[in-house]
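Trainee: I have a structure to read and would like to learn how to go through it feature by feature. Could we look at it together?

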Amino acid sequence: MGLVGLPNVGKSTTFNCLTQLQVAADNFPFCTIEPTTARVAIPDERYDWLCEHYKPKSKVPTYLEVTDIAGLVRGAAQGKGLGNAFLANIRAVDGIFHVVRVFPDSDVTHVDGEVDPVRDLETIVGELAAKDIEFVEKQLAAADHAVRMGIDKSKAAAAETYRKVLTVLQEGREVRIQEWTNSEIEHLNELQLLTAKPVIYLLNMSEKDFRRKKNKHLRAIMEWVKARGADQVIPFCASLEQNLMAMEPEAAAAYCAENEVQSMMSRIITTGYHELHLIHFMTAGSDEVRCWTIRDGCKAPDAAGCIHSDMKNGFICAEVMAFDDLKRLESEAAAREAGLRRQEGRNYTMADGDIVVFKFGRVNPKKK
């Protein structure tokens, strides 16, 4: 997931709080130039319980990769500011945390003067769409040329998809929000368009507004988001998160209780993870408790292949146990006796939080 937004909206501060790192987060435009990437462990109480239960020698959680990307300004699609580099960095991520400034602060400069979140949202979306239009126009010209010259007649179907994409973008709509056929999706996946990426809006509020859950811009923002397809919106306060990060855990908990606030970092991380359609299964024992990241909808043999290709190629079955059953019965033996450790075949669709043991046979190498 990439942190995207105008300069001075709190992207780098948010990145620091998510990753527990300390990248520059000063009060001037383009403080961030080169993207910074870090892995963030996914909070999971199930994983924590398994680690406490088994007390393994090795503990391996699952991670979300987060990238802090330079701020964008109006005209970025034409190269203004750090536009071209910014847009190339967005193309490299799978999803977007769009950080929006809704806090007033005369000490923190705004590149467009006063705080106007809807205007800022339009700026970012407009620049992403402009770059997509430029890119798709080039792809369409190449596809039409290949068909016209008889080089590749199969490009005709792709060209039709590109024309539809251009119509969508030129009408001010975003690619991810539209309905597409399976064949169109195949062509879209080849393009990796900026407006096709999943988006989560992070509204960076003042601590006062965050506490009282009110801000004069919230209604307009929510109406804007709803009109464009109802993406997820998470209000938070980056300065509060920064202060909590600097405290000892006990002091941070006491501050939150006293002021009736809570950190939103865990929610942001897990929402980003699931927005990418990622889930994880777990293997657990005294040697290791480990989470394995897979795509939602993954079949058991493909999940086994995440551990080792031989497990996929020689797949026999998956012994699956639900976490809630193990926690309630407190042992694998009790779960087995209760008939709650079941065998699943190759058509089984993995569920988030499955505790699994894969059985597989020897794979004979192919004879030359």
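Trainee: Let me begin with helix α1 (residues 11-19): how many of its residues are buried?

Mentor: Before answering, keep in mind that this is a predicted model. Helix α1 is mostly covered, since 9 of its 9 residues are buried, and the list runs through Lys11, Ser12, Thr13, Thr14, Phe15, Asn16, Cys17, Leu18 and Thr19. Just after α1, the residue Gln20 takes a positive phi of about 65°.

Trainee: What share of the residues in the protein is buried?

Mentor: Buried residues make up 48% of the 368 residues, and the protein as a whole has 15 helices and 12 strands. About 18800 Å² is exposed, with carbon and sulfur atoms supplying 49% of that area. Among contacts with a separation of 6 or more, 68% are between residues 24 or more positions apart.

Trainee: Which residues of helix α5 are buried, and what do they pack against?

Mentor: The general idea is that an α-helix has 3.6 residues a turn, so residues three or four places apart point the same way. In helix α5 (residues 155-170), the buried residues are Ala158, Ala159, Thr161, Tyr162, Val165, Leu166, Val168 and Leu169, and these pack against α4 (117-148) and α6 (182-191). The helix has 16 residues and reaches 22 Å from its first C-alpha to its last, close to the 22 Å expected at 1.5 Å a residue. Just after α5 comes Gly172, which takes a positive phi of about 85°.

Trainee: Turning to strands, in which sense do β8 and β9 pair, parallel or antiparallel?

Mentor: In a regular strand the side chains alternate between the two faces of the sheet. Here, strand β8 (residues 278-284) pairs with β9 in the antiparallel sense over 7 bridges, and a hairpin joins the two through 3 residues. Within this pairing, Phe281 stands opposite Trp292 in β9.

Trainee: How does strand β3 run with respect to β9?

Mentor: Strand β3 (residues 58-60) and strand β9 (residues 288-295) run parallel and are joined by 3 bridges; Ser58, for instance, has Glu288 in β9 as its bridge partner.

Trainee: How many aromatic pairs does the structure hold, and how should I read one of them?

Mentor: There are 5 aromatic pairs, and to read one of them you look at the distance between ring centres and the angle between ring planes. The rings of Trp49 and Phe323 have centres 5.6 Å apart and planes at 85°, and because planes over 60 degrees apart count as edge-to-face, this pair is edge-to-face. Trp49 lies in helix α2 (residues 45-54) and Phe323 in helix α14 (residues 323-329), so the pair ties together parts that are 274 residues apart in sequence.

Trainee: Are these two residues buried or partly exposed?

Mentor: Trp49 counts as partly exposed because its relative accessibility is 21%, whereas Phe323, at 8%, counts as buried. The cut-off for buried is under 20%.

Trainee: Which residues form the aromatic cluster, and where does Arg290 lie?

Mentor: One aromatic cluster is formed by Phe281, Trp292, Phe315 and Phe358, so two of the names are those you met as opposite residues when we discussed β9. Arg290 lies over the face of Trp292, at 4.1 Å from the ring centre. Elsewhere, the charged end of Arg39 sits over the ring of Tyr63, 3.8 Å from its centre.

Terms used:
Residues numbered from 1 in each chain as written. Predicted model: local features only at pLDDT ≥ 70, side-chain atom pairs only at ≥ 80, totals over all residues. Heavy atoms only, no water. Pairing = 2+ DSSP bridges. Helix = DSSP H or I, 4+ residues; strand = E, 2+ residues; numbered from the N terminus. Phe/Tyr/Trp six-rings, centres within 6.5 Å; stacked < 30°, edge-to-face > 60°. Buried < 20%, exposed > 50% of the residue type's maximum accessible area, 1.4 Å probe, protein only. Lys NZ or Arg CZ within 6 Å of the ring centre and 35° of its normal. Expected span 1.5 Å × (residues − 1). Contact = heavy atoms within 4.5 Å. Areas by Shrake-Rupley, 256 points an atom, 1.4 Å probe, with all protein chains shown as cover.
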